[in-house]
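This report considers a pocket, a surface patch and the charged pairs of one protein model.

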Amino acid sequence: MEGLPLANEDKTMSANLKYLSLGILVFQTTSLVLTMRYSRTLKEEGPRYLSSTAVVVAELLKIMACILLVYKDSNCSLRTLNRILHDEILNKPMETLKLAIPSGIYTLQNNLLYVALSNLDAATYQVTYQLKILTTALFSVSMLSKRLGVYQWFSLVILMTGVAFVQWPSDSQELDSKELSAGSQFVGLMAVLTACFSSGFAGVYFEKILKETKQSVWIRNIQLVSFSLEPSL
C-alpha cells in the first residue's frame, strides 16, 4: 500500500513532463517559423545570408548536441564515448549506410523550408506545412502497415480542408502579393508541398530503422548528420 502514493506521484510527474514537453515543442516550432520568416524578409542593405549556410550550422549544432548526450550516457568518459562511436558507427558501415537516404531527403527538406518561408507569409506556411501529418500517416500505412481509425482519417480530412481554405483567394491577397513581390508564392507553395512529402517519407523511414535496431536515437542522429553535412556543404 505504501508504494501506491509513489506510483501515483510518478504518473503525475510523467504526465506533467509530457505536457511541458508539448508546450516547449509548440513554442519552439512557432518561434522558429517566425524567426526564419523575419530573417528571410528583413530589408537591409547588402545580400541576405545563404539558406544553405543556416542548414550547415544547424547540422553542426545537432551533431554536437548528440555527441554531448552520448557522452552523458557514457558516464562522462571520453574513452567510453570514443569506443561507442567507433563500435556503433565505424564498425557497422551497413547500419550507418541505411541513414544515407533519409539524411539526403532531410537536407533537401531543410533547404526547401527556407525557400518556402522566403516566398510565403508565416501563417500560410505554418498551416500548409501541417500537410506533413497527412503524408506521414499515408507513408505509415504503406511502409509500417499501421491502421488508422475512423476519427484519425476524419481528422486528416479536416486538416486538408483547413489547408485548402488557407490557400483560398481573399480580398487581402493583393496586399500580400505586394509584400511578397520579391518572391513567388507559387514557388513557395511548391517548396512547402515537396517538403511535406519528403518529411513524411523520411520520418517514417527513420522510424522503421529505429524499430529494427537497438541503437540509441542519439547514435542514429549522429549517423544521420554525418551523411547530411556533405550535401549541405
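Which helix supplies the largest share of the lining of the largest pocket? In this predicted model, that share comes from α1, which contributes eleven residues.

**The largest pocket**

The largest pocket has a volume of about 1,200 Å³. Its lining comprises 37 residues, of which Gln 28, Leu 32, Gln 109, Asn 110 and Leu 113 are the closest to the centre. Besides α1, the helices α2 (51–73), α5 (100–119), α6 (122–129), α7 (131–143), α10 (185–212) and α11 (217–232) each supply at least two lining residues. By residue class, the lining of this pocket divides into 18 nonpolar, 16 polar and three charged residues.

**A nonpolar surface patch**

Tyr 19, Leu 22, Leu 25 and Val 26 form a nonpolar patch on the surface, and their accessible area together is about 440 Å². Val 26 belongs to helix α1, which spans residues 3–41. With a relative accessible area of 48%, Val 26 is partly exposed; this value passes the threshold of over 30% that patch residues must meet.

**Salt bridges**

Side chains of opposite charge can pair when their charged atoms come close. The structure holds seven salt bridges; the table presents three of them, with the distance between the closest N and O atoms.

| Basic residue | Acidic residue | Closest N and O atoms |
|---|---|---|
| Lys 92 | Glu 88 | 3.2 Å |
| Arg 220 | Glu 95 | 2.7 Å |
| Lys 146 | Glu 207 | 3.2 Å |

In the pair of Glu 88 and Lys 92, Glu 88 is partly exposed at a relative accessible area of 22%, and Lys 92 is likewise partly exposed at 33%.

The salt bridge between Arg 220 and Glu 95 links two helices. Because Arg 220 lies in α11 and Glu 95 in α4 (residues 93–97), the pair ties together parts that are 125 residues apart in sequence. Arg 220 is buried, with a relative accessible area of 0%, whereas Glu 95 is partly exposed at 21%.

Lys 146 and Glu 207 form a further salt bridge. Lys 146 lies in the loop between α7 and α8 (150–166) and Glu 207 in helix α10, so this pair ties together parts that are 61 residues apart in sequence. Lys 146 is partly exposed, with a relative accessible area of 34%, and Glu 207 also counts as partly exposed, at 23%.

Salt bridges with shared partners join Glu 95, Lys 98 and Arg 220 into one network.

How values were computed. Residues are numbered from 1 along each chain as its sequence is written. This is a predicted model: local features need pLDDT of at least 70, side-chain atom pairs count only at pLDDT 80 or more; totals for chains, interfaces and linings use all residues. Side-chain values use heavy atoms; hydrogens and water are left out. Patches are made of residues with over 30% relative accessible area and no salt bridge: like charges are joined within 9 Å, nonpolar side chains (Val, Leu, Ile, Met, Phe, Trp, Tyr) within 5 Å. Accessible areas come from the Shrake-Rupley method with a 1.4 Å probe; for residues, only the protein chains shown count as cover. A salt bridge is a side-chain nitrogen of Lys or Arg within 4 Å of a carboxyl oxygen of Asp or Glu. Helices (H or I, at least four residues) and strands (E, at least two) are DSSP runs, numbered from the N terminus. Buried means under 20% relative accessible area, exposed over 50%, partly exposed in between (1.4 Å probe, protein chains only). On a 1 Å grid over the protein atoms alone, a cavity is a set of points where a 1.4 Å probe fits but cannot get out, and a pocket is an open set with protein on both sides within 12 Å along at least five of seven lines; lining residues have an atom within 4 Å of a point. Grid points are joined across faces, edges and corners, and a volume is the space filled by probe spheres set on the points. Ala, Val, Leu, Ile, Met, Phe, Trp, Tyr, Cys and Pro count as nonpolar, Asp, Glu, Lys and Arg as charged, and the others, Gly among them, as polar.
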